[in-house]
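Biologist: I am new to reading protein models, and I would like to learn how to do it one feature at a time. Could we go through this one together, with the general idea before each case?

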Amino acid sequence: MGLLSTPPDGLVAVSLQWTRWSRNLSVDDTNNDPSAVIYYMPDGYSMAGRRLMGRQSAGASFLAGYARYAGERDLVCMAPDRKAAETFAESVRASALENNRPITSARWIPLDNPERIAQTGCLYYPSPTISDQAWLRRRHDQRAWSICGITHTTASDTVMDAIGTFATAPLQSWDAVICTSIAVRDMVQTVLENWQEYLQSRIGYDGPPPARLQLPVIPLGVDPDTFTHDEHARGDFRRDQGIDADAVAALFLGRLSATAKAHPLPMFRGLQIAQERTGRKVHLIMAGWFESDTERDQIERLAKTLCPDVRMHFVDGRDPTIRKKCWSAADIFTSLSDNIQETFGLTPVEAMAAGLPVVITDWNGYRDTLDDGVQGIAIPTVAPPSGSGDDIAARYRSTRYSYGGYIGRTAQFTYVDATKVGEAYTRLIGDDALRKKMGAAGRKHAVEKYDWSIIIPEYEALWRELAERRVKDSETAPRQGGQSNDPLRDDPFRTFAGYPTSTITDDHVIERWGTDAELEALIRFDINSAVAGLVPDAPKMRELLNNLPKPGTTTTVGTLLDSSDAPRTPALRAILWLAKLGIISLRESAD
């Protein structure tokens, strides 16, 4: 497919090639450094744009870490088109060279050729919604490759439905969904157990449960060097924002949403308590973005009401330059998440990498990242018991509540003790030495546990285990001869076989009506162009046209097919398409 142009700085160009497919791949054929095909849609790996989301930040960080630390230096993406593949290639090349580990090449598998994943042996899909990929694989060979997803937000109806399909889709024990925290793994298992109970009562199934995919816990990672303290940036930001050298600045970085991220009330109250108790000048840097002007107005008014003595600084956290300055300008990081849309929480780990002590809630994935009292302070949370939200769930199911309404209303009943928050802030704001000690411990923790150089080998170890399972584990729902590979997305000409009068056979008689010029004119209409990729390629299509009967003569479908080197199914579809456009006519055999 050629080479990407070499950039002016002389960096090695990246080759984009079609991957070869080895149908009989076994574990012994895999590389010592296991890799995966990266399912690449640019939006999932970009931090650009006006609505920066956690999954995008995590995706961009993962891709950079993978390019730097993957054992395999020949990286492969599965992308919708060449433009996206080139974006992938440029991204991984730049990240790899930052770490002085240039990649050999970056290869591309189009979405229509999933069978080519088999040579690499695993598809990394940046979402838990992997069942569609399992159905697509079933058209080929269920042992040919593994599928590895990852959790981000799991509270949406889309993801909940996707988790439900784990019990019925052709997922295998050599597939996995990486859970980024213990809490989210427990949540996925709870949904699967409840769904399995329902299926057993619905269809009367008494046998063993279907093979389960793997649910390993692997956290998200960071590049600690990205968060190295910059005293110059600290001075610039604090000077521009009017933050004195002896003042203490707390930082919240993320979406500025009370209903979809974290209600700011305990943070505001806690900082006011700390300012009153310590007598220190306290500032709060709110680095993020508002989803609406109404939310901005509500949060700003709440801040003036609850922490009138704390000076507020609202800055655009989508700007990478501002984010970098904020990490250096702050003295404390805080995020009091109370929302079920959170699954891991990357910003506390980024704060630790930046050398900041953290004050966070003891909440799902946040809990995994902090040793309370060592790198910072965890604030307990209290929620209603099981069975207290059936009406909330029902209103979400009925669409009376949107997704935002669902998670926002659920969060209204998560209690975060503002008094304990105030005590935590007071300890840190009033003790410079404690902040320094916890910040140093956090930096060490981030480097030793969350550096991508640690996390990427965990991914590769998982992919190695999945490859071993592909060889030795039994297969769930193996395809039988003549069985539909995807019952709910079956061949439309089988599903709707009762619609036409008849189906085409080799005995149908073909007579030429139209000319090549007429065909050329007709295919210039967009409404006639939907056959692209479904009929033979241009050379074989020309061959088929050349073999059509001359005006006044006839041939049969079987004879025409025999005269062509094109695969039978695309050629048969081409014959019907030419008939549809009036270039030929079809009639059943006289006998």
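Modeller: Let us begin with the word contact, which here means that heavy atoms lie within 4.5 Å. The model in front of us is predicted, and in it residues 24 or more positions apart account for 79% of the contacts with a separation of 6 or more.

Biologist: What are the overall dimensions, and how many helices and strands should I look for?

Modeller: The protein has 21 helices and 17 strands, and its C-alpha atoms fill a box of roughly 100 × 65 × 50 Å along the principal axes. Its accessible surface comes to about 28,400 Å², and 50% of that belongs to carbon and sulfur atoms.

Biologist: How should I read the word buried, and what part of the 591 residues does it cover?

Modeller: A residue is called buried when its relative accessible area is under 20%. Buried residues make up 50% of the 591 residues here. Take serine 156, in the loop between strand 5 (146–150) and helix 4 (157–165): because its relative accessibility is 13%, it counts as buried. Leaving out residues up to four places away in sequence, serine 156 touches Tyr396 and Tyr403.

Biologist: Which residues have the most contacts inside the largest nonpolar core?

Modeller: A nonpolar core is a set of buried residues of certain kinds, joined through side-chain atoms within 4.5 Å. The largest one has 68 residues, and those with the most contacts inside it are Tyr124, Tyr459 and Trp463. Helix 16 (residues 452–472) gives this core its largest share, seven residues. Apart from it lies another core, of 30 residues, including Leu284 and Val359. As for tyrosine 459, if we set aside its neighbours within four places in sequence, its contacts include Phe62, Tyr124 and Ile150.

Biologist: How many disulfides does a search of the whole structure find?

Modeller: A disulfide needs two cysteine sulfur atoms within 2.5 Å, and the search finds zero. For cysteine 122 the nearest cysteine sulfur, that of cysteine 148, is 5.3 Å away, and cysteine 122 is in no disulfide. The sulfur of cysteine 326 is 17 Å from the closest cysteine sulfur, in cysteine 307, and is therefore too far for a bond. Cysteine 122 is buried, with a relative accessible area of 2%, and cysteine 326 is buried with a value of 0%.

Biologist: How do I read a sheet, and what is the strand order in the open sheet of three strands?

Modeller: Strands of a sheet pair through backbone hydrogen bonds, either parallel or antiparallel. In this open sheet of three strands the order is 16-15-17, with antiparallel pairing. Strand 16 (554–556) and strand 17 (584–587) are the edge strands, each pairing on one side only, and the twist averages 30° from one strand to the next. Three bridges join strand 15 (residues 509–512) to strand 16, and valine 509 has threonine 556 in strand 16 as its bridge partner. Helix 21 (residues 568–580) packs on the sheet, where it touches strand 15 and strand 17, and its direction makes about 110° with that of strand 17.

Biologist: Is asparagine 100 buried or exposed?

Modeller: Exposed means over 50% relative accessible area, so asparagine 100, at 68%, counts as exposed. Asparagine 100 lies in the loop between helix 2 (82–98) and strand 3 (105–110), and its phi is near 55°, a positive value in a residue other than glycine.

Note on methods:
Residues are numbered from 1 along each chain as its sequence is written. This is a predicted model: local features need pLDDT of at least 70, side-chain atom pairs count only at pLDDT 80 or more; totals for chains, interfaces and linings use all residues. Side-chain values use heavy atoms; hydrogens and water are left out. Helices (H or I, at least four residues) and strands (E, at least two) are DSSP runs, numbered from the N terminus. Buried means under 20% relative accessible area, exposed over 50%, partly exposed in between (1.4 Å probe, protein chains only). Two strands pair if DSSP finds at least two bridges between them. Axes are lines fitted to C-alpha atoms, for helices over the stretch in contact, and angles run from 0 to 180 degrees between N-to-C directions. Accessible areas come from the Shrake-Rupley method with a 1.4 Å probe; for residues, only the protein chains shown count as cover.
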